[in-house]
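Hi,

Here is the structure I said I would pass on. Have a look at it first, then read my notes underneath.

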Amino acid sequence: MIPEIGHFALILALSLALCQGILPLVGAHRNDAAMMAVARTAASGQLIFVAFAFGALTWAFVQSDFSVAYVASHSQLALPTIYKISAVWGAHEGSLLLWVLLLAAWTVAVGRFSHDLPEAFAARVVGVLGLLSSGFLLFTLLTSNPFMRLSPAPADGADLNPLLQDPGLAMHPPILYAGYVGFSVAFAFAIAAMLSGNLDQKWARWTRPWTTAAWMFLTVGIALGSWWAYYELGWGGWWFWDPVENASFMPWLIGTALIHSLAVTEKRGLFKSWTLLLAISAFSLSLLGTFLVRSGILVSVHAFATDPERGFFILAFLAVVIIGALALYAWRAPALDSTAGFKPLSRETFLLLNNVLLVVAAALVFIGTLAPLVVEVFNAGKISVGPPWFEVAFAIPMIPLVLLIGVGMRTAWRSQDFGTLFSTLKWPALIAVIAGIGIPGIFYGRFGLLVSVGVIASVWILAVSLIDPVRSLRRSAGAPAMSRSMLGMSVAHSGLGMFVLGVTVVSAFNIESDQALRPGNSIEVAGYQFEMRELRDVEGPNYSAIEGLVEIRKDGEYVGTVRPQKRQYLVQQSWMTEAGILALWNRDLFVALGDQLGNDTWSVRIQYKPMIRFIWLGALVMAIGGLIATTDRRYRMTARATRPATSEVAKTA
Amino acid sequence: MTRYLVPLVAFAILIPVLMIGLTRDPRELPSPLLQQAAPQFELPSLLDPARTVGSKDFDNQMTLLNVWATWCPGCRQEHDFLLQLAREAVLPIYGLNWRDNRPEATRWLEVLGNPYVASAFDEEGRVGIDWGVYGAPETFLIDANGIVVHKHIAPLTREIWERDFVPLIRAAGVVQ
């Protein structure tokens with residue numbers, strides 16, 4: 001009964017989403033307050049019903065109701081409860097429901113925090129989100145109903161894909177989707193602004209915290225996915241340029257460009273039409289990513305069950321949304337040409353360069369991802385684009401970008417005096433160059449051009465990011481502290497510095513060794529002795545495993561013990577490798593069991609990965625920077641002040 | 001202002017491409033190769049560069065050719081199944097180590113186990129192009145007459161094997 005109620009709740013949610021999508025937009029057009037007032041109420045109602053449907057599906061999983069087809073194919077009795085819950089979004093139907101739930105939640109949040117926006121504008125934003133939600137709900141109900149029954153019900157389910165039975169991956173989709181879906185808010189703000197025809201700088205200010213929040217979730221989501229790939233299937237790799245990874249990375253790159261271009265639009269009223277285009281693109285790429293993943297149009301390890309019907313539905317939806325948005329853009333944008341100028345040495349110039357480089361990077365990823373498809377469609381044969389191509393192509397715009405960040409951060413709006421810039425930056429530059437040459441040699445005993453460039457770039461960003469926070473701490477009494485926005489920027493950029501450092505050092509000084517090992521034997525890798533103490537059988541809830549106990553010592557001194565496992569999942573009969581990782585801030589020791597070579601001899605892959613934690617730590621710090629920036633008081637205060645005072649923006653600019 | 005129409009036009013061009021793409025199954029062999037003679041090749045062996053591996057080794061028996069690489073997570077995923085398959089010894093499995101580097105690929109086989117009779121080392125992907133390799137992993141089934149009878153893109157699993165490969169192998173009279 002509960003699955004049917006869930007299904008019904010989803011239909012009610014669709015009805016409300018349609019009300020939410022149509023009435024406020026018509027109301028805003030006719031200036032009808034009653035119709036606009038529907039927006040928030042309908043959005044809340046929609047959230048309640050979607051949440052109910054989501055709860056019903058979760059209930060079916062927790063109760064192991066295998067008469068629901070989706071539950072039967074993605075769960076089983078012995079699955080631990082936590083994975084029964086995460087199995088809800090473990091495949092297409094449920095993850096779509098999660099998407100709709102998050103969209104409804106973002107909409108209610110926008111409604112809740114937009115009381116200070118002009119009523120017509122807020123109504124349009126909520127209305128656009130309602131239309132998007134209607135599309136996704138229709139998609140769910142027509143092609144991907146998670147509540148479909150199965151008769152007769154099987155006695156046990158087919159189990160969740162063992163790859164997904166992992167805490168990192170349980171959390172990855174909700175956070176990633178919160179980011180994807182979050183860009184729909186920036187999109188809705190852009191559409192609302194274009195519909196109203198009132199494109200002064202205010203919409204940029206209103207959009208900024210929402211965009212940053214979405215970007216923050218996307219950053220954490222991508223980092224979690226990469227971390228999972230590292231310890232679960234990566235054999236030490238952390239990024240594979242898989243189409244689905246790229247699908248999440250393109251909106252991230254464009255979203256990052258958007259955050260920066262919004263700053264220019266808000267502060268200086270420049271780049272208006274460009275910012276609108278980025279807002280549309282960030283969300284369009286999120287949609288395109290969904291299409292690529294769900295339609296089976298590209299081959300990927302992540303690909304969901306492929307179904308052409310679903311593919312056509314998403315493509316049609318994609319076409320309506322994006323063509324509608326771009327047509328509106330073509331109509332409104334020409335009026336936005338700005339005449340305000342700026343000097344070549346100014347923050348505007350650097351943010352322009354930032355945008356160009358990020359967009360070029362996203363375009364290269366886009367080309368690499370879609371090239372095989374395009375070539376095939378034109379019957380030119382089949383081509384493949386692999387990591388070697390992406391690594392080179394991506395580095396071309398990225399190296400200048402990371403080097404320019406340091407200068408850009410210290411450059412003033414409109415015009416910057418070269419002398420002051422030079423005197424502020426000479427010390428960080430000197431530190432960076434010394435570190436770039438010294439660190440590889442002193443800590444890792446080797447030099448290299450690429451390593452030095454990477455270390456210089458990262459230390460440079462880190463050093464420049466510290467200037468403002470340090471000055472703020474040492475300011476004289478009574479002087480204003482730095483704003484949250486500025487602090488957020490410094491923190492996020494230092495996160496990028498950490499990330500670059502991690503990537504550089506781990507790619508240059510990673511040590512790998514594959515050896516045969518049996519209990520009692522010991523081998524040495526990168527100065528550490530790895531001794532296999534024993535091998536034993538371990539029984540998990542739904543798997544049985546062989547576990548090695550490997551003790552690690554350095555110069556005879558005990559460092560730690562790792563327990564790598566080789567698991568066989570009983571229902572799907574598949575083998576999974578659980579690596580044993582001993583992590584420290586500056587290095588990972590990674591031990592994975594390979595194959596059984598003899599009686600109790602196993603091939604073991606041992607890796608020494610210096611600074612690899614900085615990759616994910618850096619991403620986390622970037623996200624924290626985003627969080628700090630979204631809490632800037634300015635956004636709240638100006639939101640309150642904007643309704644009566646229209647000239648306020650001009651004053652702060 | 002025509003320049004503001006550029007994004008719209010660019011996207012409008014992309015739609016038919018995606019549309020046609022949808023009607024093609026990337027997991028299917030392009031029709032030109034299916035039921036045709038398998039492209040001939042000869043490459044150095046991965047583990048023993050002095051030897052060569054090629055179509056000549058497939059002679060007169062049904063053979064599996066698996067395209068793999070160490071940078072491909074899907075290959076890691078299907079590897080255990082390939083090992084099981086090799087143990088069952090239904091048919092010889094040859095590997096095409098594609099766009100990879102030799103030390104890493106060698107280590108991969110040492111650590112994970114080697115299901116292949118031999119792996120050809122296709123460093124630049126030339127043979128991959130002849131075979132229409134789209135990405136790794138891909139698996140080709142070649143019959144005793146050297147005809148490609150099936151191709152599977154994406155990791156191989158027991159389920160896919162039973163469904164798509166076993167009937168063809170049975171039909172060819174190879175004991176299963």
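Below is what I found, going from the helices to the domains and the sheet.

A word on conventions: this is a predicted model, where local features need pLDDT of at least 70, side-chain atom pairs count only at pLDDT 80 or more, and totals for chains, interfaces and linings use all residues. Residues are numbered from 1 along each chain as its sequence is written, chains are lettered from A and ligands numbered from 1 in the order in which they are written.

Helices (DSSP runs of H or I, at least four residues, numbered from the N terminus, as are strands, E, at least two): H7 of chain A covers residues 167–196 and reaches 45 Å from first to last C-alpha, close to the 44 Å expected (1.5 Å times one less than its number of residues). Of its 30 residues, 24 are buried (20 or more other C-beta atoms within 10 Å of a residue's own, C-beta atoms being placed from the backbone). A:Gly197 follows H7(A), with a positive phi near 75 degrees. H16(A) has 21 of its 26 residues buried, so it is largely enclosed by the rest of the structure.

The domain assignment (automatic or from a database) splits chain A into domain 1 (2–397 + 620–646) and domain 2 (511–611). Their C-alpha centres lie 39 Å apart.

Then there's an open, antiparallel sheet of four strands in chain A, ordered S1-S10-S9-S8 (strands pair if DSSP finds at least two bridges between them). S1 (511–517) and S8 (580–584) are its edge strands. S8(A) pairs with S9(A) over five bridges, and A:Ala583 stands opposite A:Asp588.

Cheers

Key: Buried ≥ 20, exposed ≤ 12 C-beta atoms within 10 Å, placed from the backbone.
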